[in-house]
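Grab your viewer and work through a few exercises with me. Try each task yourself before reading the solution below it.

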Amino acid sequence: GTITPAMRNKALQSSKIVCTYDVLHHITDLPERVLIVDEAHNLINHHGFRAKVLQRVVERFDIAEQTILLSGTPPQHLIKYLDFHFARITRLKNNMVVVRAVEADKDSPRALITQTATEIIRNHEAGKISFVFYNNTKALELLKEVLVSSGHYQPDEIDIITRAHVDSGESQVINEITTYQKIKSNVRLVLTSCIIAEGVNIQNTNIGAVYMVNNRSIDNFRQFIARFRSVERLDVVSIRPPEKAVESSFKSLVSNDIETLSKTAKVQLEGLQREIDLHRHLYDDLEAEFYDDIQPDYNYQSNRTTEFIYSDDSGTPRMDVLKIVRVALERVEQEMDNIFFYTQLDRYPNITFTTDVTSTTDTTEMLDCVEAVEAKEKDIRKEKEAELKAVLLSTPGVAVGAYVIGLQKAGNRGQLQRVT
């Protein structure tokens, strides 16, 4: 965020400061304060797209007088790695979550969407609002088109909540949830990515089935089902790809992987430090005084595809503990089979599993509909491509601009398809 000196000085004069992760580094008197980091699981879950911000947060753990991490799904491997004490606080009352496990025919977006559409139609209840959680924007758009074209829903009865749809103003429900904590419109099906997996409450009591599609994260699963605070029982349909054979490497414990990656990071850190020391020796005593202001001409970090170190704001090399834990957990999420996933969920007392087996549900009708929608969209894309091609070939200046933009997006010529 944008912080002015006046805003910062006013905050520093207060006994309590509430701020986002992004501006924590502006608080200069942390040694005199207790730092409480809420939603601490995001230190791991959000590392992929806001690493710099989260690294700054972790750097301040040892600066503060005391640091406390809060989370409904605590990142226990990170807690152990950082040598934090762990205290479990149990709610006296939780809603009951009943999970029905369903396997799609194949491990593909088409198969998962076909199975999901079939389950939605099969379980439809009048007056209920159902939710689909799937981290795939294109697949959610396809699902909406399939349900509308099949005649089971009207367009205004389905709302899509993804970053793209929220930023473009296309989502109506997101405003209702954030403003009223309730869906007040006539929407009966919400298709969402992880954008509302945390930080919001949905107080509707008329919640139907919740469909968790191809979810690989136990934390995301638990965070999302916790959004529904006013229902005593939540029925969840977990739709995953067919069961698979687990790789032998999967047996390796996460803690072992973290230890191995930490050793790798230490080697990388020592290598970078040696390179910095060698680089310093290239300057005489007078130049050395200004060394920190000189842009280094070595490129240690970008030469390595798997990097577990980074330089902080002062240029000091550090181990990226968040990335180390994140990479170890990602391997588990990618390689785990269905049995392991559900076994992990079964550890929580408010989550139970139904014995209703429906993996053999006939999906023929929805598969035909999915294929018809995909064929229609393919024809539309071909028409648009033909129109664009005509414009490019008839307007040389536009063609050159498009070529340059294409190169920028592709990153290299080998990935850019030639228009002929």
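**Exercise 1.** With which residue does Asp-313 form a salt bridge, and how far apart are the closest N and O atoms?

*Solution.* Keep in mind that this is a predicted model. Start at Asp-313 and look for a side-chain nitrogen of Lys or Arg within 4 Å of its carboxyl oxygens. You land on Lys-52, with the closest N and O atoms 3.4 Å apart. Next, place both partners: Asp-313 sits in the loop between strands S9 (309–311) and S10 (317–319), while Lys-52 belongs to helix H3 (residues 47–59), so the bridge ties together parts that are 261 residues apart in sequence. Then check the exposure: Asp-313 is partly exposed at 47% relative accessible area, and Lys-52 is partly exposed too, at 34%. Finally, widen the view, and you'll find Lys-52, Arg-56 and Asp-313 linked in a network of salt bridges. A search of the whole structure turns up 16 salt bridges.

**Exercise 2.** Are Arg-60 and Glu-59 buried or exposed?

*Solution.* First, the contact: the two side chains meet in a salt bridge, 3.6 Å from N to O. Now the cut-off: buried means under 20% relative accessible area. Arg-60 comes in at 14%, so it counts as buried. Glu-59 has a relative accessible area of 14%, so Glu-59 is buried as well.

**Exercise 3.** What separates Asp-167 and Arg-163 along helix H7?

*Solution.* Asp-167 and Arg-163 form a salt bridge, with 3.2 Å between the closest N and O atoms. Both are in helix H7 (residues 163–167), and because they are four residues apart there, about one helical turn separates them. As for exposure, Asp-167 counts as exposed at 57%, whereas Arg-163 is partly exposed at 49%.

**Exercise 4.** Which residues lie on each side of strand S5?

*Solution.* Begin with the general rule: side chains in a regular strand alternate between the two faces of the sheet. Applied to S5 (residues 158–161), one side has Ile-158 and Ile-160, and the other has Asp-159 and Ile-161. All four are buried, leaving both faces covered. Now look sideways: S5 pairs with strand S6 (residues 189–192) in the parallel sense over four bridges. In that pairing, Ile-161 stands opposite Thr-192.

**Exercise 5.** What does the side chain of Gln-268 reach?

*Solution.* Find Gln-268 in helix H10 (residues 254–280). Its relative accessibility is 9%, so Gln-268 counts as buried. Follow the side chain outwards and you get to the backbone nitrogen of Phe-308, at 2.9 Å.

Key. Residues are numbered from 1 along each chain as its sequence is written. This is a predicted model: local features need pLDDT of at least 70, side-chain atom pairs count only at pLDDT 80 or more; totals for chains, interfaces and linings use all residues. Side-chain values use heavy atoms; hydrogens and water are left out. Helices (H or I, at least four residues) and strands (E, at least two) are DSSP runs, numbered from the N terminus. Buried means under 20% relative accessible area, exposed over 50%, partly exposed in between (1.4 Å probe, protein chains only). A polar contact is a pair of N or O atoms within 3.5 Å; within protein, one must be able to donate a hydrogen and the other to accept it, and residues adjacent in sequence count only if both atoms are side-chain atoms. Two strands pair if DSSP finds at least two bridges between them.
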